[in-house]
Amino acid sequence: MLEEAYNQEHGITRSFVAPPIVVALAKHPMVDNYDLSALRQVFSGAAPLSAELSLEAGKRLGCDVVQGYGMTELSPVSHLTPPGMFKPGSCGVTA
């Protein structure tokens with residue numbers, strides 16, 4: 001899990017991932033070997049993310065795990081969740 005190693009070394013605060021990575025962050029035992037305490041938000045895209053998985057991963061990581069909505073034609077996101085406006089199962093707020 002290269003991204004987690006990078007986070008541990010550089011202390012990144014926001015990570016952009018696809019839902020299968022959120023599953024790994026929520027469930028894989030190897031995640032416990034890394035210091036991810038700098039994370040403030042994990043942003044998931046490319047496919048829907050369930051509220052349950054978002055909450056499970058967020059509890060384990062100690063940060064919000066949110067999702068956005070977009071498409072290639074929008075380059076790439078049209079809806080996202082700003083920090084502090086997390087609502088499990090949503091894809092952001094209307095503008």
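Buried here means under 20% relative accessible area, and exposed means over 50%. Keep those two cut-offs at hand for this walk through a predicted model.

**Stop 1: the sheet**

Start by showing the strands as a cartoon. You will find an open sheet of three strands in the order β1-β2-β3, with parallel pairing. The edge strands are β1 and β3, each of which pairs on one side only. Ignoring direction, neighbouring strands in this sheet are turned by 20° against each other on average.

Now select residues 14-17, which form β1, together with β2; four bridges join this parallel pair. Then add residues 64-67, strand β3: here too, four bridges connect β2 to a parallel partner. For a landmark on this side, pick Phe43, which stands opposite Val66 in β3.

**Stop 2: the crossovers**

Bring in residues 19-27, helix α2. Together β1, α2 and β2 make a right-handed β-α-β unit. Next, follow the chain from β2 through α3 to β3; this β-α-β crossover is right-handed.

**Stop 3: along β2**

Zoom in on residues 41-44, strand β2, where Gln41 has its place. Show the side chains and look at which way they go: Gln41 and Phe43 point one way, Val42 and Ser44 the other way, and all are buried.

Now centre on Gln41. Is this residue buried or exposed? Its relative accessible area is 4%, so Gln41 counts as buried. Arg14 stands opposite Gln41 in the strand pairing. To see what surrounds Gln41, select its contacts, leaving aside neighbours within four places in sequence: Thr13, Arg14, Ser15, Cys63, Asp64, Val66, Thr81, Pro82 and Pro83.

**Stop 4: the loop after β2**

Move along the chain to Ala46, in the loop between β2 and α3. Check its backbone torsions: Ala46 has a positive phi of about 90° although it is not a glycine. Ala46 has a relative accessibility of 84%, so it counts as exposed, given that the cut-off is over 50%.

**Stop 5: helix α3**

Select residues 51-61 to bring up α3. The helix lies across β2 and β3, and runs at about 145° to β3.

Which residues of α3 are buried? Colour Leu53, Ser54, Ala57, Gly58 and Leu61, and you have them. Look down the helix axis: these residues cover an arc of only 130° around it, so they sit on the same side of α3. What do the buried residues pack against? Turn on α2, β2 and β3, which are their packing partners.

Rotate to the face turned away from that buried side, and select Glu52 and Lys59, the exposed residues it carries.

**Last stop: leaving the helix**

Finish at Gly62, just after α3, where phi is positive at about 75°. If you kept Ala46 selected, you can look at both residues together: Ala46 has a positive phi of about 90°, and Gly62 one of about 75°.

How values were computed:
Residues numbered from 1 in each chain as written. Predicted model: local features only at pLDDT ≥ 70, side-chain atom pairs only at ≥ 80, totals over all residues. Heavy atoms only, no water. Helix = DSSP H or I, 4+ residues; strand = E, 2+ residues; numbered from the N terminus. Buried < 20%, exposed > 50% of the residue type's maximum accessible area, 1.4 Å probe, protein only. Contact = heavy atoms within 4.5 Å. Pairing = 2+ DSSP bridges. Right-handed = clockwise from strand over helix to strand, strands pointing away. Axes fitted to C-alpha atoms, helices over the stretch in contact; angles between N-to-C directions. Arc of directions from axis to C-beta.
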